[in-house]
Amino acid sequence: MPRRTLGRSGVPVTALGLGAASLGGLYAPVSEESAAATVAAAWEAGIRSYDTAPHYGLGLSERRLGQALRTRPRAAYTLSTKVGRLLVPHTGGGDDLANGFAVPATHRRVWDFSADGVRRSIEDSLARTGLDRIDLALLHDPDDHEEQAFREAYPALERLRAEGVVRAVGAGMNQTAMLTRFLTDTDVDTVLCAGRYTLLEQPALKELLPAAEARGKDVVIGGVFNSGLLADPQPDATYDYAKAPREVLDRVLRIRAVTERHGVPLRAAALAFPFGHPAVASVLVGARSAAEVRDAAAQWRRPVPAALWDELRAEGLLGDDVPVPGEASATAPEGG
């Protein structure tokens, strides 16, 4: 699978990466066996980029990912995790479903974008994964902590990068404005933009992606299926982690009708789309089983004809200014 280096960091990412939130029991439990099989299938498919966070299943995703990768050659893959939420032991019982994860509430999350909190978060992640280093550390959802994130958390990440504790730094969010500020005001190696540059919606095209391209920075795209809506647009499908509004679902159904007229599954078009922009280095896919990983890899490799993009534009489902794979300005990886 094609690789690309994040900025000047020397840290490579594969075009397709595994988002490991589901390994932490996102929405529904995932067994130890299924989690291990999911990572093994990703490895077999050529995926060498793995993204996790303490938030995902109260550390369960980090533990499972670390266990699955521990026997793999350390130089052969890139591991990213996040900082901003510390996990504090909780003895009150219950579960974590209110936060979206079907796991026991053994811990509670505490927001912490202080310099000490960042360092402690990395130390805790290293302990949970059992690995020798974190390749990419991302500030996780600092929406309500903007000034502290820029004043304390980001400089702490820079120091960790200088010390070699992490190899690359950045931020991961579901919005574009603050990510753009990270690109313009700091020396991040990358940003992870979740849900804001997909076949359904492209707000990242206004400022974020041009800023990345102008500065030679790379962007990782998460949430490429918009919480599953672009994977399986059923009436009860989710969008931004809630039930999809009717008008959003109707738009996706129109997009699917176009892709199917060209013999292309909606999932394949959704995976291919982000690579139309030259700043996009990698797309993360979430999977909770080996079968889902194999399907994602197969869909990513499926050719998407130029006529499909042309019809989406003609139907008003894609703007004329939105770059698509195959155009002169696009740098879609081979097979993507």
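**Core packing and the surroundings of helix H2**

In this predicted model, Leu-139 touches Val-83, Phe-113, Ala-149, Ala-153, Tyr-154, Leu-157, Gly-170, Ala-171, Gly-172 and Phe-182, when residues up to four places away in sequence are left out of the count. Both Leu-139 and Phe-182 belong to the largest nonpolar core, which holds 92 residues, and they are among the members that touch the most others, together with Tyr-50, Leu-199, Leu-229, Trp-309 and Leu-312. Helix H4, spanning residues 146-163, supplies the largest share of this core, namely 7 residues. Apart from it lies another core of 11 residues, including Val-11, Val-13, Ala-281 and Leu-284. In soluble globular proteins, nonpolar side chains tend to be buried together.

Helix H2, formed by residues 60-69, is mostly covered, with 8 of its 10 residues buried. The buried residues of H2 are Leu-60, Ser-61, Glu-62, Arg-64, Leu-65, Gly-66, Ala-68 and Leu-69, and what covers them includes helix H1 (32-44), strand E4 (49-51), strand E5 (78-83) and helix H3.

Within helix H3, which runs over residues 115-129, lies Arg-128. Arg-128 is classed as buried because its relative accessible area, 17%, falls under the 20% cut-off. Setting aside residues up to four places away in sequence, Arg-128 touches Pro-54, Gly-59, Glu-62, Arg-63, Arg-70 and Leu-87; of these, Glu-62 is one of the buried residues of H2. The C-alpha atom of Arg-128 is separated by 22 Å from that of Ser-289, a residue 161 places away along the chain.

Key:
Residues numbered from 1 in each chain as written. Predicted model: local features only at pLDDT ≥ 70, side-chain atom pairs only at ≥ 80, totals over all residues. Heavy atoms only, no water. Core = buried A, V, L, I, M, F, W, Y, C linked by side-chain atoms within 4.5 Å. Buried < 20%, exposed > 50% of the residue type's maximum accessible area, 1.4 Å probe, protein only. Helix = DSSP H or I, 4+ residues; strand = E, 2+ residues; numbered from the N terminus. Contact = heavy atoms within 4.5 Å.
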